[in-house]
Amino acid sequence: MRYIFALWAAPMALFWGWFYLSLNDMNFGYVMLTRQLHDFVFQLYGQMLGIDPAIIPGMVAKACIFDGFLLMAIWAFRRRREILDWVRRRRSGPVPFEHPIPFERLNRATEAGPRLPAE
């Protein structure tokens with residue numbers, strides 16, 4: 001499952017990294033990161049799809065969110081037994097606290113100790 005997440009996240013990181021850098025014209029000398037290429041790419045996609053190029057980034061963002069929820073649903077379905085066990089443990093109430101240190105020893109460690117003459 002981690003490979004599926006990696007194969008999903010890597011293109012998303014590349015696309016959104018390119019989008020942010022090219023949108024703000026942070027090109028570092030690369031033509032690929034220029035605002036002119038950014039506008040050209042979205043103009044081309046807009047003409048191919050027959051829509052306004054300004055709405056394409058929002059459509060891509062919605063698709064990324066949908067894909068993320070779909071992957072999370074697949075992951076949750078595969079781990080449903082562990083998730084149900086965790087929910088049952090949480091609903092059963094608080095776990096009884098058993099301190100590993102005996103009470104007498106804990107009481108000695110927290111009591112006020114000897115008094116100094118200056119007190």
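1. A good place to start is helix H1 and the side where Arg2 and Ala13 sit: both residues are exposed. Please keep in mind that this is a predicted model. Opposite them, on the other side of H1, you will find Trp18, Phe19 and Ser22, which are buried. These three lie on the same side of H1 because they cover an arc of only 105° around the axis.

2. What do the buried residues of H1 pack against? Their partners are H2 and helix H3, the latter covering residues 56–78.

3. H1 itself runs over residues 2–23, 22 residues in total. From its first C-alpha to its last it reaches 31 Å, close to the 32 Å expected at 1.5 Å a residue. After H1 comes aspartate 25, and its phi is positive, near 55°.

4. Do have a look at the surface patch made by Phe40, Leu44, Tyr45, Met48 and Leu49: it is nonpolar, and together these residues have about 540 Å² of accessible area. One of them, leucine 44, belongs to helix H2, residues 35–49. Leucine 44 counts as partly exposed because its relative accessibility is 37%, which falls between the 20% and 50% cut-offs.

5. Now for the protein as a whole. There are 5 helices and 0 strands, giving the pattern α-α-α-α-α along the sequence. Of the 119 residues, 11% are buried. The protein exposes about 10,500 Å², with 66% of that supplied by carbon and sulfur atoms. Among contacts with a separation of 6 or more, 40% join residues 24 or more positions apart.

Definitions and conventions. Residues numbered from 1 in each chain as written. Predicted model: local features only at pLDDT ≥ 70, side-chain atom pairs only at ≥ 80, totals over all residues. Heavy atoms only, no water. Patch = residues over 30% accessible without salt bridge, like charges linked within 9 Å, V, L, I, M, F, W, Y side chains within 5 Å. Areas by Shrake-Rupley, 256 points an atom, 1.4 Å probe, with all protein chains shown as cover. Salt bridge = Lys/Arg side-chain N within 4 Å of Asp/Glu carboxyl O. Helix = DSSP H or I, 4+ residues; strand = E, 2+ residues; numbered from the N terminus. Buried < 20%, exposed > 50% of the residue type's maximum accessible area, 1.4 Å probe, protein only. Expected span 1.5 Å × (residues − 1). Arc of directions from axis to C-beta. Contact = heavy atoms within 4.5 Å.
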